[in-house]
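Could you walk me through this model in my viewer, one selection at a time? I would like to know what to click on next and what is there.

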Amino acid sequence: MHRFILKRLLLLIPVLLGVSLLVFAIMSFTPGDPAQLILGENAPPEAVAELREEMGLNDPFLLRYARFVGNAATGDLGQSYTSGRDVFDEIFSRFPNTLILAALGVVIAVIIGIPIGIISATRQYSMIDSGSMFFALLGVSMPNFWLGLMMILLFSVNLGWVPSGGYSSWSSLIMPAITLGTGSAAIITRMTRSSMLEVIRQDYIRTARAKGVAENVVINRHALKNALIPVITVIGLQFGMLLGGAVLTETVFSWPGVGRMMVDAIRQKDAPTVLGTVVFLATTFSLVNLLVDLLYGFVDPRIKSQYA
Amino acid sequence: MSQEMTLDPVQGQLDKSPAKGAPKKRSQWLEVWHRLKRDKMAMLGLFIITLVVLAAIFADLIADYETVVIAQNLADRLQGPSAQYWLGTDEFGRDIFARIIHGTRVSLMVGVLSVAIAIVMGGGLGAVAGYYGGKIDNVIMRVMDIFLAVPSILLAIAIVSALGANLMNLMLAIAISSVPTYARVVRASVLTIRDQEFIEAARAIGASDLRIIFRHIIPNCLSPVIVQGALGVAGAILSTAGLSFIGLGIQPPEPEWGAMLAGGRQYLRHAWHVTTFPGLTIMITILALNLLGDGLRDALDPRLKH
């Protein structure tokens, strides 16, 4: 198992290098001269040229990339063009906000998704089943930034129950977390249902029923354990998605997270911040996916034995 | 309809020379259509999508682009729904209904074209990876893994922010960010087909690799791609709206659903309709595509249905 973990961690390195190369290459297409951006439009051309040389912008692409990776490995993602602040520090001061939002979003999704999925599966084709499947589909189909706006309209503007944005107290968390969790709740519901349907057709469930085990014990003890294995993967992947892709929700609620930091940086053409945040979020996403894979091995011993 | 024959070589031969007295075989696509027709939700989805397509085609008959859709009319700004303006007006006094109707063009175009680009690129890569296997497979799929390691919305944002926000770059960004999905889908089905006997037969009679891939393998792995494609169009429309919402997509004054939503955001307090209706339109369109996609999945592969 340790070897498996080590192997997976080592495999992460080329992936991260690839991701950063990809993003670095994309970002180097950005039109506009960073030196000009820093010095302002009226700066003399000589000063701009000097700064370009100083920043190493005239160096070949691969050299610039190698320098970026070298610095990034030591936790230096450069300074923001607009605020001059250290990008790495800024990301880490905001990351807890993104983390807490994603975690709460997943908790909400699990609390809603798993019970509804189980009920739907045990009463397949009933009214409850069709109803919840329809709402699950609605949840997947809704643009979450729109859901956020609609909630602001109802709960902040009309009812005045919760603040419409920012992060001032715990009540600011409610709406962004629900917004973020809705899509995941829908996906988890569908996954739980289909996984549960597969499991309750199996022989050992029939055996349990034949033995006279009470139906709720059959479902909650025998079936659920196996049915949840693929669901756990989905939950983990959703958590990764919410961490890396909460950009829109954070924008709607003016949430001081990493996603919004990225959107603001894009608007201000602040390349180091954009690069830093994208690479950071992609790294987080990959790490969470790795953890999910490892967790999967713990939950389902059959998988672990393949790598032992 | 020669395509139908290549779908199943055995069946194809039967179709060419029908045995006397044998029951007439319905083509595979007709079979799928008959199954799909019985799925009420999928038909509802298809009906809504037809309406959206018709709206896109006849948008100019419903409302004139220059005088109604983009011309500002500040005297009538932020009016609620009325007989004159069915869904009200936006912050520049433009008819929201007319803008939503014209917005179908952008959404459908980006949705369909970006998925088409992604299918061609991803499908091609996946087919090559699955067919040749070995090192080629390894290289292609590891590169795909790198793309998959970035959440697709993040990748699309990075591409658009670097290349500049316009329609072409938006389509490209959305297409590139979904290439790995199609590569994986196609590769998986190629792997199951590659070693079947009819491929061996084709190789035995001297068919080239290209011919085998295009004439025999690709037609046989179309169904998962079609399902993924229907869901992919939904995803692409959502991404377009999302990117436009943060200012990286379609630029004003062109009507785009996500951009309309973003425009109405500051007026949420006084004019609820400006954000509500474009959002509802997005939701209904995506819902319809998802219903159709789910229906297609069941119709194309009845074994999967519970």
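Start by selecting A:Val110, which sits in helix 5 of chain A. Keep in mind throughout that this is a predicted model. Is A:Val110 buried or exposed? A residue is called buried once 20 or more other C-beta atoms lie within 10 Å of its own. A:Val110 has 20 such neighbours, so it counts as buried.

Now show what A:Val110 touches. Beyond its neighbours within four places in sequence, A:Val110 is in contact with A:Ile188 and A:Ile235. For a sense of scale, draw a distance from A:Val110 to A:Met262: these residues are 152 positions apart along the chain, and their C-alpha atoms are separated by 28 Å.

**Helix 5 and helix 12 of chain A**

Next, select residues 87-122 of chain A, which form helix 5, together with residues 258-267, which form helix 12. The axes of the two helices are 7 Å apart, and the angle between them is about 130 degrees. Angles between 115 and 145 degrees fall in the oblique class, so helix 5 and helix 12 of chain A are oblique to each other.

Which residues make this contact? On helix 5 of chain A, show A:Glu90, A:Ile91, A:Arg94, A:Phe95 and A:Thr98; on helix 12 of chain A, show A:Val258, A:Gly259 and A:Met261. Coloured by class, the residues of this contact come out as 4 nonpolar, 2 polar and 2 charged.

**Chain A as a whole**

Zoom out and select chain A. You will find 14 helices and 0 strands. The C-alpha atoms of chain A fit a box of roughly 85 × 55 × 30 Å along the principal axes. Of the 308 residues in chain A, 40% are buried. Among contacts in chain A with a separation of 6 or more, 73% join residues 24 or more positions apart.

**Where chain A meets chain B**

Turn on both chains and look at where they touch. Here 40 residues of chain A are in contact with 34 residues of chain B. Several helices of chain A each supply at least two residues to this side, including helix 1 (2-28), helix 8 (171-199), helix 10 (215-245) and helix 13 (271-299). Helix 12 of chain A, which you have already selected, is also one of them. What is the make-up of this side of chain A by class? It has 31 nonpolar, 8 polar and 1 charged residues.

**A helix pair in chain B**

Move to chain B and select helix 3 (residues 28-37) and helix 15 (residues 273-300). Their axes come within 9 Å and cross at roughly 125 degrees, so these two helices are oblique to each other. The crossing of helix 3 past helix 15 of chain B is right-handed. Show B:Val32, B:Arg35 and B:Leu36 from helix 3, then B:Gly295, B:Leu296, B:Ala299 and B:Leu300 from helix 15, to see the residues that make the contact. They divide into 5 nonpolar, 1 polar and 1 charged.

**Last stop: confidence**

Finally, colour chain B by pLDDT. The average for chain B is 85, and 90% of its residues score at least 70. Which elements of chain B have the lowest and the highest mean pLDDT? Helix 1 (residues 3-7) is the lowest at 43, and helix 4 (residues 40-57) is the highest at 94. Over residues 1-20 of chain B, pLDDT stays under 50, and the model has 19 contacts beyond four places in sequence for that stretch. The model scores ipTM 0.83 and pTM 0.85.

Note on methods. Residues numbered from 1 in each chain as written. Chains lettered and ligands numbered in written order. Predicted model: local features only at pLDDT ≥ 70, side-chain atom pairs only at ≥ 80, totals over all residues. Axes fitted to C-alpha atoms, helices over the stretch in contact; angles between N-to-C directions. Helix = DSSP H or I, 4+ residues; strand = E, 2+ residues; numbered from the N terminus. Parallel < 35°, antiparallel > 145°, perpendicular 65-115°, else oblique. Left-handed = near helix turned anticlockwise from the far one by under 90°. Contact = placed C-beta atoms within 7 Å. Nonpolar A, V, L, I, M, F, W, Y, C, P; charged D, E, K, R; others polar. Buried ≥ 20, exposed ≤ 12 C-beta atoms within 10 Å, placed from the backbone. pLDDT = per-residue confidence, 0-100.
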